[in-house]
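Open the structure in your viewer and set it to a cartoon view, with side chains ready to be switched on. The tour below goes from one selection to the next.

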Amino acid sequence: PDEAMAAAENEQAGEIDLADNDKVMNGVYTISSAGDYKFTCSRETGNRIVVDGKKISAKDSINIYLNKVNINTSAGPALRINLNVEATVTIHLTGTNSLITKNNYYAGLQKDNKARLIIKTNNSDATAGILNARSIDGDSAGIGGGGYFSCSNITIKSCSVIASSKHGAGIGGGNNGTGSNIIINSGSVTASSTDGAGIGGGEGGSCENITINGGSVNASSVSVS
């Protein structure tokens, strides 16, 4: 009864409960048109979010609101922005959100396209919106490229981000991939990797154009810079 009541309240607020299998087809909620999408989780789930740009133009905008979302999956990226997405995607954070994958070839938050990704919170307190994105023991970044792929155009603003990987960058490219055009405007960022860069390229990869305009940034690696 409590879960049913919570689901009803979420629907009235325009939120989608990712843990509700009746609302997520075959374990994937696909965003296929521009607009605002609000997600929450009544419990940890393996259900995932995919942004597909087939019917979305470069002039459009996609706003994804994550409110205490907790995705832990082995099927693919917890949240994936497909290669065909030309529109700017903005992720708005409320509370603590986890995007974790246990699949070696996928990132926690995987960005396959070249358009801009903005991760932010609308609150002046960075701890009001937290994102924990991880690729556990993988060749992919915590946030960025999948296994052996590059990633570019990520902006983090006024939120708390924790991102980690083993062979990919914490934030940036996957194994042997380049991380480029990464901007941190404010907030708190902790990015780490075992064999890749904390922020930049994955293991054996390269890095271009990282800008830090403010905030607190802690980037670390066991094996490289």
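How many residues does the largest nonpolar core have, and which of them have the most contacts inside it? This is a predicted model. In it, the largest nonpolar core has 43 residues. Select F39, I62, L66, I119, I143, V161 and I171: these are the residues with the most contacts inside that core. Then colour strand β8, residues 88–101, which gives the most to this core, with four residues.

**Stop 1: I171**

Keep I171 selected and show what surrounds it. Neighbours within four places in sequence are left aside here. I171 is then in contact with I143, I154, I156, V161, A163, I182, V189, A191, G198, I199 and G200. Two of these, I143 and V161, also appear among the core residues with the most contacts.

**Stop 2: F39 and Y29**

Go next to F39, another of the core residues with the most contacts. F39 counts as buried because its relative accessibility is 0%, and buried means under 20%. Which residue forms an aromatic pair with F39? Add Y29 to the selection: Y29 and F39 form an edge-to-face pair, with 5.2 Å centre to centre and 80° between the planes. Y29 is in strand β2 and F39 is in strand β3, residues 35–40, so the pair links parts of the chain ten residues apart. The structure holds one aromatic pair.

**Stop 3: I64**

From F39, move to I64, in strand β5, residues 61–67. The C-alpha atoms of I64 and F39 are separated by 7.6 Å, while the two residues are 25 residues apart along the chain. Is I64 buried or exposed? I64 is buried, with a relative accessible area of 0%. Leaving aside neighbours within four places in sequence, I64 is in contact with I31, Y37, F39, V51, V89, T90, I91 and H92.

**Stop 4: S160**

Select S160, in strand β14, residues 159–165. S160 is buried, with a relative accessible area of 10%. Show its contacts, again without the neighbours within four places in sequence: L93, A126, T127, G129, I130, L131 and S188.

**Stop 5: the salt bridge**

Which side chains meet in a salt bridge? Select D112 and R80, whose side chains meet at 2.7 Å, N to O. The structure holds one salt bridge. D112 is in the loop between β9 and β10 (117–120), and R80 is in strand β7, residues 79–81. The pair links distant parts of the chain, 32 residues apart. D112 is partly exposed, with a relative accessible area of 21%. R80 also counts as partly exposed, at 24% relative accessibility.

**Stop 6: a patch on the surface**

Switch to a surface view and colour Y105, Y148 and F149. These residues make a nonpolar surface patch of about 400 Å². Y105 is found in the loop between β8 and β9 (109–111). Y105 counts as exposed because its relative accessible area is 53%, and exposed means over 50%.

**Stop 7: the loop between β1 and β2**

Return to the cartoon and find the loop between β1 (15–17) and β2 (28–31), where N26 has its place. Phi of N26 is near 55°, a positive value in a residue other than glycine. N26 is exposed, with a relative accessible area of 78%.

N21 is in the loop between β1 and β2 as well. At 52% relative accessibility, N21 counts as exposed. A19 is also found in this loop, but A19 is buried, with a relative accessible area of 4%. Not counting residues up to four places away in sequence, A19 touches C41, S42, R43, T45 and N47.

**Stop 8: across the model**

Two distances can be drawn from this loop. Draw one from A19 to N185: they are 33 Å apart in space, C-alpha to C-alpha, and 166 residues apart in sequence. Draw another from N21 to T178: their C-alpha atoms are separated by 36 Å, and they are 157 residues apart along the chain.

End the tour at N176, in the loop between β15 (171–172) and β16 (179–184). N176 has a positive phi of about 65° although it is not a glycine. N176 is partly exposed, with a relative accessible area of 47%.

Notes:
Residues numbered from 1 in each chain as written. Predicted model: local features only at pLDDT ≥ 70, side-chain atom pairs only at ≥ 80, totals over all residues. Heavy atoms only, no water. Core = buried A, V, L, I, M, F, W, Y, C linked by side-chain atoms within 4.5 Å. Buried < 20%, exposed > 50% of the residue type's maximum accessible area, 1.4 Å probe, protein only. Contact = heavy atoms within 4.5 Å. Patch = residues over 30% accessible without salt bridge, like charges linked within 9 Å, V, L, I, M, F, W, Y side chains within 5 Å. Areas by Shrake-Rupley, 256 points an atom, 1.4 Å probe, with all protein chains shown as cover. Salt bridge = Lys/Arg side-chain N within 4 Å of Asp/Glu carboxyl O. Phe/Tyr/Trp six-rings, centres within 6.5 Å; stacked < 30°, edge-to-face > 60°.
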